[in-house]
Amino acid sequence: RSVNIVAFGNERDNGFSEDNQQPSLIWSYLRRSALISQIDSSLSASHVGNPVFTEYQACVFGNVRLVVHDCPVWDIFDSDWYTSRSLIGGADIIVIKYSVNDKTSFQELKDSYVPMIKKALNHCSVPVIISAIGARKNGVPCTCPLCTSDRRSCVTTSEGVQLAKELGATYLELHTLNDFYIQKYFGGVLEYFMIQSLNQKSSEKMKKRKKMQKCHRVQPPQLEQPEKMPILKGEASHYDADLHNLLCCCQCADVAFYPEDLSTVVEAHKIILCSVSHLFMLLFEVKSPADIHDASIVRTAQSLFAVEAGAAFPPAPRGIPPCVPPVRVVVKDSVFCSCLPDILHFIYSGAFQWERLEEDIKKKLKDPEKTEHVLEKVKCILKTPGKLNTVKDCRSHQIKRLYNTSLRLFFNTPVLADVIFKIQGATVPAHRAVLVARCEVMAAMFNGNYLEANSILVPVYGVSKDTFLSFLEYLYTDSCCPASILQAMSLLICAEMYQVMRLQHICELYIITQLQSMPSRELASTSLSIVSLLKKAKFHNSDCLSTWLLHFIATNYLIFSQKPEFQDLSVEERNFVEMHRWPSNLYLKQLADYRNYVHSQKCHCTVM
């Protein structure tokens with residue numbers, strides 16, 4: 001360990017005169033300090049051969065080698081820039097000395113040599129000590145009118161402090177070179193920087209040693225990230241489109257609207273009309289006049305429509321085909337009747353495209369008064385009982401929300417039901433119009449050459465009652481909320497049976513979300529068989545879910561490989577899991593080798 005100190009400048013008042021016996025600052029410190037021993041000095045030459053500095057070698061702090069280069073003349077920067085730059089580059093501490101009574105030398109130092117020192121340091125963090133030496137003498141100021149830059153012969157404290165700020169140095173004033181100023185003042189600061197330098201060198205040496213050890217040490221294996229799981233995209237709802245298509249194809253129609261001259265007919269469905277209007281509930285006897293608290297609805301129903309006597313469905317015993325013709329309704333208002341197809345399209349599309357209905361009626365009637373008359377009738381039909389319906393309400397999604405929630409009111413109720421499912425010894429009433437609109441399999445079943453097409457009672461096999469109720473609830477409301485992963489899988493199987501793809505995707509997303517939210521500890525202890533879910537997903541053509549489950553097993557390989565169900569995987573599935581497993585076999589082998597190395601080196605493992 002060593003400390004290199006470079007000192008520049010002359011602390012004597014009169015330069016290098018032979019009769020000047022004033023000792024140098026560096027020599028005084030080395031000779032008087034109790035920490036310095038084994039001092040050896042020699043006069044050294046510069047790069048060009050001129051003897052310009054004295055080199056001292058000694059020991060400090062017992063066993064630390066101290067090397068000091070004392071350069072009393074600044075000419076070395078002019079005559080030998082290579083030597084001066086080498087001295088500064090190898091210095092741990094720089095000391096700059098000047099006499100407070102030699103203003104000319106100080107000015108030369110400030111103007112010429114300080115920029116050179118700053119350039120040689122080149123932003124290095126080398127501590128610099130500026131020592132202003134001597135007691136200021138009361139000289140007579142210069143009276144020459146041309147000498148305006150130097151009217152005093154002494155260097156002031158503020159000038160020395162300003163010089164220290166330029167170099168980022170520590171400023172000291174030593175009025176005399178006695179024991180106090182040499183040992184305690186200058187020596188204390190110099191020894192502090194020597195200790196700091198030794199600490200910094202020790203820290204850098206330790207960092208270098210650790211870096212070398214790290215380079216030669218076996219590195220722990222890097223655990224790669226698991227493969228990204230397949231992304232399942234949800235399917236957009238086509239609830240409104242399904243019901244609108246029901247109007248266009250007129251399947252299972254049970255209402256026929258006629259003008260008073262019976263010249264035309266417009267077919268519709270009671271369940272759809274009653275789901276959006278209390279007026280139609282009153283018209284088709286779902287509600288009585290006593291249940292309607294808004295008298296305007298009763299008046300509108302009586303003035304606008306008339307149900308033909310005896311046209312309603314008579315009560316039919318179970319098992320008798322529903323072959324009774326639709327209910328015949330006469331529309332008393334001819335203008336309203338001419339716009340009835342547009343109004344029904346508006347209702348079946350979700351009853352929220354009010355602006356489009358306005359435009360269609362305006363184009364058809366081409367009479368503002370008649371247009372306003374028809375629109376007011378529509379508002380009265382669609383308004384909520386007890387509340388004044390405004391155009392703003394019709395333009396909002398309020399009616400659409402009523403439309404969805406009202407169909408829920410007819411779910412699993414015998415009101416207006418025209419089909420009954422028998423399942424596990426229980427009966428579930430339903431409405432053919434909703435089933436045909438929402439499910440293509442049921443549309444073919446109720447309109448084709450099947451036994452169910454002419455039966456009210458339809459048996460259901462292969463699913464539980466709760467699962468089938470959840471399936472019907474989705475058809476009526478376009479939403480489902482499975483209570484568990486197993487229930488979602490049962491609902492997925494039912495959706496695949498009836499080819500309702502969107503419900504199948506909803507169940508897939510529910511299963512994936514629930515499995516992803518399971519912590520590893522719960523996944524290891526759960527009785528739920530993921531392999532069984534995989535088998536069911538494959539059997540029922542849920543390709544997205546089966547692929548995701550395979551990736552899920554591979555990603556959690558260390559958990560599932562310990563379970564007995566892991567042996568139920570087919571050879572193809574096992575190969576897929578082994579290929580995509582995480583962590584990989586290569587990583588586990590590297591980890592085992594690293595553990596053996598750590599054990600052999602008897603050092604602490606940085607991984608485990």
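A cavity is a set of grid points where a 1.4 Å probe fits but cannot get out. The exercises below apply this idea, and others, to a predicted model.

**Exercise 1. Find the enclosed space.**
How many cavities of 30 Å³ or more does the structure hold, and how much space lies in the largest?

*Solution.*
Step 1. Rolling a probe the size of a water molecule over the atoms shows where empty space is left.
Step 2. Search the whole structure: 1 cavity of 30 Å³ or more turns up.
Step 3. Read its volume: the largest cavity contains about 40 Å³ of space.

**Exercise 2. Describe the lining.**
Which residues line the largest cavity, and how do they divide into nonpolar, polar and charged?

*Solution.*
Step 1. List the lining: F280, F336, L340, I343, L344, I347, V378, I381 and L382.
Step 2. Sort by class: 9 are nonpolar, none is polar and none is charged.
Step 3. Assign to helices: α12 (340-348) and α14 (368-382) each contribute at least two lining residues.
Step 4. Pick the main contributor: α12 gives the most, with 4 residues.

**Exercise 3. Place α12.**
Is α12 largely enclosed or largely open?

*Solution.*
Step 1. Apply the cut-off: buried means under 20% relative accessible area.
Step 2. Count: 7 of the 9 residues of α12 are buried, so the helix is largely enclosed by the rest of the structure.
Step 3. Name the buried residues: L340, D342, I343, L344, F346, I347 and Y348.
Step 4. Compare with the lining: L340, I343, L344 and I347 also line the largest cavity.
Step 5. Look just past the helix: G350 has a positive phi of about 115 degrees.

**Exercise 4. Check the cysteines.**
How many disulfides does the structure hold, and why is C439 not bonded to C494?

*Solution.*
Step 1. A disulfide is a covalent bond between the sulfur atoms of two cysteines.
Step 2. Set the cut-off: the two sulfur atoms must lie within 2.5 Å.
Step 3. Take the total: the structure holds 0 disulfides.
Step 4. Test C439: its closest cysteine sulfur, in C494, is 8.8 Å away, so the gap is too far for a bond.
Step 5. Check exposure: C439 is buried at 1% relative accessible area, and C154 is buried at 5%.

**Exercise 5. Summarise the whole protein.**
How many helices and strands are there, and what share of residues is buried?

*Solution.*
Step 1. Count elements: 27 helices and 14 strands.
Step 2. Take burial: 46% of the 608 residues count as buried.
Step 3. Take the surface: about 32,100 Å² is exposed, with 53% of it from carbon and sulfur atoms.
Step 4. Take contacts: among those between residues at least 6 apart in sequence, 66% join residues at least 24 apart.

Definitions and conventions: Residues numbered from 1 in each chain as written. Predicted model: local features only at pLDDT ≥ 70, side-chain atom pairs only at ≥ 80, totals over all residues. Heavy atoms only, no water. Buried < 20%, exposed > 50% of the residue type's maximum accessible area, 1.4 Å probe, protein only. Contact = heavy atoms within 4.5 Å. Areas by Shrake-Rupley, 256 points an atom, 1.4 Å probe, with all protein chains shown as cover. 1 Å grid on protein atoms, 1.4 Å probe; cavity = no way out; pocket = protein on both sides within 12 Å on 5 of 7 lines; lining within 4 Å. Points joined across faces, edges and corners; volume = space filled by probe spheres on them. Nonpolar A, V, L, I, M, F, W, Y, C, P; charged D, E, K, R; others polar.
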